[in-house]
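Please open the model in your viewer and keep the selection panel at hand for a short tour of its ligand sites.

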Amino acid sequence: MSARARGGRRGSRQGRGRTGGRAGGRRVFFFGDGRADGRASQRDTLGGKGANLAEMTRLGLPVPPGFTIATAVAKAFAEGGGRVPAGVLREARAALARVERIMGARFGDPEHPLLLSVRSGSPVSMPGMMDTVLNLGLSDQTVAGLAERAGERFAWDSYRRFVQMFGDVVLGVPHERFEACLESVRDEVGASEDTQLGAGDLRRVTREYLEIVRAHTGAAFPQDPPEQLERAIAAVFRSWNNERAVRYRRLHGISDSLGTAVNVQAMVFGNMGEGCATGVAFTRDPNTGDKRFYGEYLENAQGEDVVAGIRTPQPINEASRSGSSLPSLEQQMPAVYRKLLRIAKRLERHYRDMQDIEFTVQQGRLWLLQTRTGKRTPTAAVRIAVDLVKERMLRREQAVCRVDPAQLDRLLHPTLDPNVRRDVLARGLPASPGAAVGAIVFSADVAEARAKAGEKVILVRAETSPDDIHGLHAAEGVLTTRGGMTSHAAVVARGMGKPCVVGCGAARIDEAARTLRVGGRELGEGDALTLDGTTGEVMAGRLPTVTPELGGAFTELMGWADRLRRLRVRTNADTPHDARVGREFGAEGIGLCRTEHMFFEPARVIAVREMILATTREERVRALAKLEPVQQSDFAGIFRAMDGLPVTVRLLDPPLHEFLPQNDDEIRELAEALDTGPAEVRARVDALREFNPMLGHRGCRLGITFPEIYEMQVRAILRAAREVAGEGIRVEPEIMIPLVAHESELARLRALVTREAARVLGDRPNIGLRVGTMIEVPRAALTAGAIAASADFFSFGTNDLTQMTYALSRDDAGRFLPEYIEMGILEDDPFVSIDESGIGELMRIAVQRGRAARADLTLGLCGEHGGDPKSVRFCHALGLDYVSCSPYRVPIARLAAAQAAVGER
Ligand code: PEP
Ligand code: MG
């Protein structure tokens, strides 16, 4: 063990004595000179930055000494009406005394002043959201001491920076006031950059800044360093609740209760002239994941200059050059560069992950200001996880847990170029990820026509219905002003892998005028629109997109995931094409084939309508006879695509009126086909209308009252199965009955299926047919034991189960649910992530009662939650056999299932 590491242990014991622990735990954690009270594992207590500063100090790395005030104090601060508890300030003073000893300088000393940085640092990274104050401790008195030691220009530059930052962050003086003043002095002396200002100019700027503060606050700028420190600490705590931080937390699902820590640290200066610099470096390329040390720096500058982008940064080495002709750190300061590289490698090995490092060089001496797990693109995340296994830093199961399944979404779809500015007009629900760019169209027919002519279009509708399916097919993306995450548009677009934004309430469509009013703009048909289905953003114009590449690393990582997971993953697919896509993404079968989606092909919809409007059984049977061969050929196509894998086909589910004609043209067309008049058709359509179609004549209720519909579908499925089996393809058909609420419904319909199967397959069926039901009505979940008597399998339809248990309309929730989430009433949209305590509890009951009645019952889920990582983890924990999701989400579910299995070990 190195002397430093031993020192660290000793230091931590001493630290407790000196900075004073108290009942309830330490609140101030010292670090410096190889000793630290905290460590990397204390993220929750110290925040990410504080925990890593402590860890780096323990590793003996050059970290400026300081102390971290724990996140728990943030709570005390807020509850105490915005005051830092006196005990904490006492502990902070004791820690500060240790910093002073190490630095050989004293805080507030007019001769040799110690300057401090005060920074936020929460347990979850929230880059740039909270406040920072640098160069704290300067005053009219101490600036003289600093000038004496480090030069006039540097001292006044530091003082003016401090007054501006403290003025802005702590005293609330708008920073434009300071900028304007600086600019006018620059103009006056003819300086184009701040670096051209001399000591006299900077002194003048500082004096004027102090006046700006006095004028704005009505009081002199605080000249007492301890008072400055106390107020800066308070301001950083307060910044946890500033508007942008709160918004960021909402957006990223970060809990408000975490709080921020405050890091107070001795300043080191990258702006002291010759041999000084500041920069950031990544241990690997954060865009591609390539193993190359990568970063940039600025000579003679302070950290915020890099962030502010005032000057063009220089590359740290050749690998980071990308076109820059400026000299690199490696060329300018080779010894510093070598040391930085050595430290970077060590940090990466220590943390076993790519690190994002902030450093400062003060007069040739390297200091580390921060290290953290580097943010990366999804491509880089996969690549780095796989490479770290090859480099023996990670085990496979650890690598599988390093990639956020939700990130895969972006790997599988084109996304907006991250370097392009977005002019966001409005925001809706991010229903299906990826970027779509095209011309606005307001109807499915126009979408189809324009797409056929080679144009890329975005379908914009108040909401979509199954009637719009051809428009959804033709469009690049879909925008609706109504509807939630399981509305028709959302489900269908997701299935097709098309970007979709739904429930964009801020947008208004005028169908008659064919205009879209959004974000103060009026857009017409043909105007360009860009959608980001990953964020829900809607933008005018055509923004550039980038297509990610799925490399070998992706396949390798997914292979490891597959070997680790227990939960199987199927896909929801209604066409042979979707089935093939799902299979390519690794689906192990089809968990839901919604037969109604096949009814909307223009060639069929007339027959479907004839069938619905039939007044006698004979008429209906005649119409069904037209549909039977086309259904059979659809199913045959799907069985072929899924050779050897199970295929669950659900019998007709939606209320029939959904298929009926909507406008006069369609009514006329149907009247002709039925050899009757439009008035008669309209009357029959009206007669079919229901007050609550979602709770009306749909699902198995159709099969009970019109058994000939289900009989036709069963025949089509089994004839297709027999046909395909005859080609030497293995078929595993499963017939699923929707919306069962009572065991008698299922018993009766199972008998119907068995009867038809016997007719098609004869006495010696060589096809192993299984019959099961969806569990999507609360009553079915509660009576699962009785229902299991007629079921080989259950598949949870969590879209309807959520709708019915929560009394929350799938199609209308978009109007108010986002506000519920914004207000913190609900943490998640229950249509996105299973509501574990409510809907999840019903599922638990159904699993228990179903399995108790029938031990070999297969249990799956086919609602939209099947592609949501959190819900997948829940399904794993519940002991389901599989989840089924839209084809593009299959890899997400595979990875989430593997992580759930690893998490259990
Ligand atoms: C469900 O309700 O969860 C389901 C899968 O069926 P649908 O979305 O078609 O109603
Ligand atoms: Mg359903």
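Are Glu776 and Asp800 buried or exposed? Select the two residues: Glu776 is buried and Asp800 is buried too, where buried means under 20% relative accessible area, exposed over 50% and partly exposed in between, with a 1.4 Å probe and protein chains only. This is a predicted model, in which local features need pLDDT of at least 70 and side-chain atom pairs count only at pLDDT 80 or more, while totals for chains, interfaces and linings use all residues. Residues are numbered from 1 along each chain, chains are lettered from A and ligands numbered from 1 in the order written, and side-chain values use heavy atoms, without hydrogens and water.

Next, select the magnesium ion (ligand 2), whose protein donors are Glu776 (OE) and Asp800 (OD), 2.0 to 2.1 Å from it; donors are N, O and S atoms within 2.8 Å of the metal (3.2 Å for Na, K and Ca), and sites may look incomplete because water is not among the atoms. Glu776 sits in the loop between strand E31 (770-775) and helix H29 (778-782), whereas Asp800, 24 residues apart from Glu776, belongs to helix H31 (residues 798-806); helices (H or I, at least four residues) and strands (E, at least two) are DSSP runs numbered from the N terminus.

Now move to ligand 1. An oxygen atom of ligand 1 lies 3.0 Å from a polar side-chain atom of Glu776, and a backbone N or O atom of Asp800 lies 2.9 Å from an oxygen atom of this ligand. The largest share of the shell around ligand 1, 3 residues, comes from H31.

Definitions and conventions: Polar contact = N/O pair within 3.5 Å; in protein donor to acceptor, adjacent residues only side chain to side chain.
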